[in-house]
Amino acid sequence: MNHSLREFVEHLPMVDVHEHHLPAIIHQREVNLRQLFQQSYAGWAQARPYCLPSESRAADPMLAAAGPTTWESLVPFLDHCGSNSFVRNLVGAVVELHGNGAAEITRDNWPALDAAVQAAHRRPEWQHEVLHRARITTVITDAYNDPLLDPRPTLGADYRSVMRTNPLALGWHPDSRDHNDNCAHALLNRVGLKAGSFDEYLVALEQLVAGMAARGQVALKNALAYDRDVNFDEPDERRARAAWGKPAPPPAERKAFGDFIVDHLCRIAAARDIPVQMHLGTGIIRGSHPLGVAGLIERHPRTRFLLMHLAYPWSRDLLGMAFVYRNIWLDLTWSFLLSPSHFKLALHEAIEVLPNEARMMLGGDNWHVEETYRAVRLARRLIGEVLEEKLAGGYFGRATAERLARRMLHDNAREFFHLE
């Protein structure tokens with residue numbers, strides 16, 4: 001039977017290179033419909049869960065108790081933000097997985113949907129059933145509330161994790177913490193390491209990275225775009241050392257310390273052939289342009305950088321960088337959730353611009369498996385549409401389109417992260 005390219009893409013296995021599947025959320029057995037909305041990107045339509053430099057928060061709203069579902073609690077999402085792409089994706093997930101043929105969440109059917117969500121999450125096998133249905137074979141999770149998480153004992157043998165480096169770049173003092181309340185010195189203590197001086201800190205970081213494989217961790221993750229700008233300047237060791245031990249170093253010393261540690265970690269990553277994921281775009285948006293990391297990438301040609309989210313809204317700048325710097329790979333995660341139409345345009349251009357077919361991979365970037373499921377469905381549909389458009393326009397033939405789809409969804413990630 002002659003299947004369409006979209007059908008071919010729909011049935012491919014997938015390595016999901018980016019999720020926020022946290023044990024505290026995945027293993028919750030009391031989850032309701034309101035909580036799915038609050039702990040998803042649909043919740044971002046209501047309010048950003050991270051702070052700008054001028055703001056503060058008492059706790060992470062993604063991890064806060066949701067309360068019982070009522071129609072009034074859903075109206076802000078469904079009516080006030082109902083055209084937002086994040087909301088559309090989650091509504092689609094809920095009705096497809098829990099809705100028995102419903103097309104929307106309504107005043108009449110929300111109680112039945114809420115009951116179905118709660119019943120599903122009380123079943124321990126629900127997580128893996130949904131991932132299997134999505135044809136996801138491996139998940140790489142970013143447990144931002146536990147940078148040293150070994151996900152295999154709690155989430156399953158098909159999980160790997162990344163080690164967030166934000167607290168390490170802010171570790172000038174035992175009390176300093178990143179925007180997720182992680183402390184570098186507390187992390188070092190957990191694995192029996194101590195750093196009483198700047199030099200001891202550098203050595204301890206090397207030992208911390210050396211232990212990643214034993215923890216099932218396959219990459220470093222730099223999400224400093226949520227803590228500071230991503231303009232990582234040439235290392236200034238004198239000024240970086242000056243920050244050590246100070247509870248509140250002046251801004252120039254804080255930046256120099258972070259720049260130096262990021263550079264140090266990139267050297268370690270190159271020596272151990274460990275990739276570095278990096279969040280770009282959004283975050284503290286005035287400092288998250290992808291060209292801010294160009295100097296870092298030039299200084300570390302042997303480090304493999306996986307730059308994330310198509311650096312929205314600067315996708316063309318990112319594609320230009322990926323053509324020039326051959327140590328850049330692209331994680332398309334989240335960009336298709338934010339704007340499906342922009343994703344299709346960017347993917348058309350990425351196929352044409354990138355130097356080879358090994359450069360792209362993607363994940364869901366979600367907390368609950370419902371949102372992961374629908375995000376992956378959406379990505380498959382959009383990729384299939386773009387490939388069919390390329391095929392119809394005579395850009396390449398069917399065999400090339402199928403090979404590229406297989407690489408994007410599965411093969412590239414397995415090679416890039418050295419997955420067994």
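**Helix α20**

I began with the burial of helix α20 in this predicted model. Its buried residues are A401, E402, L404, A405, R407, M408, L409, H410, N412, A413 and F416. I noted that the list holds E402, R407, H410 and N412 as well as A401 and L404.

Next I looked up how far α20 reaches. The helix covers residues 398-416, which makes 19 residues. From first C-alpha to last I read 25 Å, close to the 27 Å expected at 1.5 Å a residue.

Where does α20 have its kink? I found the kink centred on R407, at about 60 degrees. R407 is also on the buried list.

I then checked what comes after the helix. H418 follows α20, and its phi is positive, near 55 degrees.

**The cores**

I turned to the nonpolar cores. The largest has 111 residues. Y201 and L387 have the most contacts inside it. Which helix gives the most to this core? Helix α19, residues 369-392, does so with 10 residues. Another core lies apart from it and has 21 residues. C81, V91, L113 and V117 are among them.

I went back to L387 for its partners. I left aside neighbours within four places in sequence. L387 is then in contact with L5, V9, I351, F396, A401, L404 and A405. Three of these names were already in my notes: A401, L404 and A405 are buried residues of α20.

**The sheet**

I traced the strands next. They form an open sheet of eight, in the order β1-β2-β3-β4-β5-β6-β7-β8, with parallel pairing. Which strands are at the edges? They are β1 and β8 (360-361), and each pairs on one side only.

I expected to ask about exposure at β1, so I checked its burial. Why is strand β1 (residues 14-19) described as largely enclosed by the rest of the structure? Six of its six residues are buried, that is, under 20% relative accessible area, so the strand counts as largely enclosed. β1 is nevertheless an edge strand.

For its pairing, I counted the bridges to strand β2, residues 136-141. There are four, and the two strands run parallel. E19 has T141 as its bridge partner in β2.

I also found what lies over this end of the sheet. α19 lies across β1 and β2, and runs at about 120 degrees to β1.

Last, I looked at β4 and β5. Strand β4 (residues 217-222) pairs with strand β5 (residues 276-278) in the parallel sense, over three bridges. There, the bridge partner of K221 in β5 is Q277.

Conventions: Residues numbered from 1 in each chain as written. Predicted model: local features only at pLDDT ≥ 70, side-chain atom pairs only at ≥ 80, totals over all residues. Heavy atoms only, no water. Core = buried A, V, L, I, M, F, W, Y, C linked by side-chain atoms within 4.5 Å. Buried < 20%, exposed > 50% of the residue type's maximum accessible area, 1.4 Å probe, protein only. Contact = heavy atoms within 4.5 Å. Pairing = 2+ DSSP bridges. Axes fitted to C-alpha atoms, helices over the stretch in contact; angles between N-to-C directions. Expected span 1.5 Å × (residues − 1). Bend = angle between axes of the 7 residues up to and from the residue.
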